[in-house]
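Please open the model in your viewer and keep the sequence panel beside it. The stops below go from the whole chain to single residues, and each one begins with a selection.

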Amino acid sequence: MPALFISTMRTVVPFVAGWLLTLLVKAGITIDSEKVTYVVSLVLVVAYYLVFRLLEILGTKLRGSKLQTIAGVLLGWARPPQYPSVDNALPPLTGYRSETRTE
C-alpha cells in the first residue's frame, strides 16, 4: 500500500506544478483559446516531470548525491517507489486448452 501512495504523490505533484506553471504563464501572456491553455498545461506537466525524473536518475547514478533527494521531493516524494519483484511469481501456464461450447 505505501507504494501506491508514493506513486500517486509522484503523479499528482507534477500535475499541480504544471498547473502552477500554467498560472504563471497565464499571468504574463494572454491566451484566448481554452484548448491552447490545456495543451500548454500538458506540455508543462510533462516537461516538469521529465526534467526532475532525469535529475533523480542522474542523482541515483552518482550515489549519495543530494540531487536525487531534491529532485524526488520536487516530484512529490524523496525516493522513487520500490515495487515488489514479480519474477517467477506464478508458474508458467502449460497444457492449457480453451474449449468453447456450442449449445
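Begin with Glu-56, which counts as buried because its relative accessibility is 0%, under the 20% that marks a buried residue. Keep in mind throughout that this is a predicted model.

**Whole chain**

Now zoom out and colour by secondary structure: the chain comes to three helices and zero strands, and its elements run α-α-α from the N terminus on. If you switch to a surface view, the chain exposes about 8,600 Å², of which carbon and sulfur atoms supply 66%. Of the 103 residues in the chain, buried ones make up 19%. A contact map is useful here as well, since among contacts in the chain with a separation of 6 or more, 55% are accounted for by residues 24 or more positions apart.

**Confidence**

Next, colour by pLDDT. The chain has a mean of 76, with 75% of its residues reaching 70 or more. Among the elements, helix α1 (residues 2-28) has the lowest mean pLDDT, 78, whereas helix α3 (residues 66-74) has the highest, 84. Where pLDDT is low, the predicted coordinates should not be read in detail.

**The nonpolar core**

Select Ala-17, Tyr-48, Phe-52, Ala-71 and Leu-75 together, and you have the largest nonpolar core, made up of five residues in all. Then centre the view on Leu-75 and show what surrounds this residue: leaving aside neighbours within four places in sequence, Leu-75 is in contact with Met-9, Arg-10, Val-13, Pro-14, Tyr-49, Phe-52, Arg-53 and Glu-56.

**Back to Glu-56**

From Leu-75, step across to Glu-56, whose place is in helix α2 (residues 34-61). Which residues does Glu-56 touch, not counting those up to four places away in sequence? Display Arg-10, Gln-68, Ala-71, Gly-72, Leu-75, Ala-78, Arg-79 and Pro-80, and you have the list; two of these, Ala-71 and Leu-75, are also members of the largest nonpolar core.

**Arg-79**

Finally, select Arg-79, which lies in the segment after α3. Is Arg-79 buried or exposed? Arg-79 counts as exposed, because its relative accessibility is 59% and the cut-off for exposed is over 50%. Draw a C-alpha to C-alpha distance from Arg-79 to Glu-56, and the two prove to be 8.7 Å apart in space, although 23 residues apart in sequence. Leaving aside neighbours within four places in sequence, the contacts of Arg-79 are Ile-6, Arg-10 and Glu-56.

Definitions and conventions: Residues numbered from 1 in each chain as written. Predicted model: local features only at pLDDT ≥ 70, side-chain atom pairs only at ≥ 80, totals over all residues. Heavy atoms only, no water. Core = buried A, V, L, I, M, F, W, Y, C linked by side-chain atoms within 4.5 Å. Buried < 20%, exposed > 50% of the residue type's maximum accessible area, 1.4 Å probe, protein only. Contact = heavy atoms within 4.5 Å. Helix = DSSP H or I, 4+ residues; strand = E, 2+ residues; numbered from the N terminus. Areas by Shrake-Rupley, 256 points an atom, 1.4 Å probe, with all protein chains shown as cover. pLDDT = per-residue confidence, 0-100.
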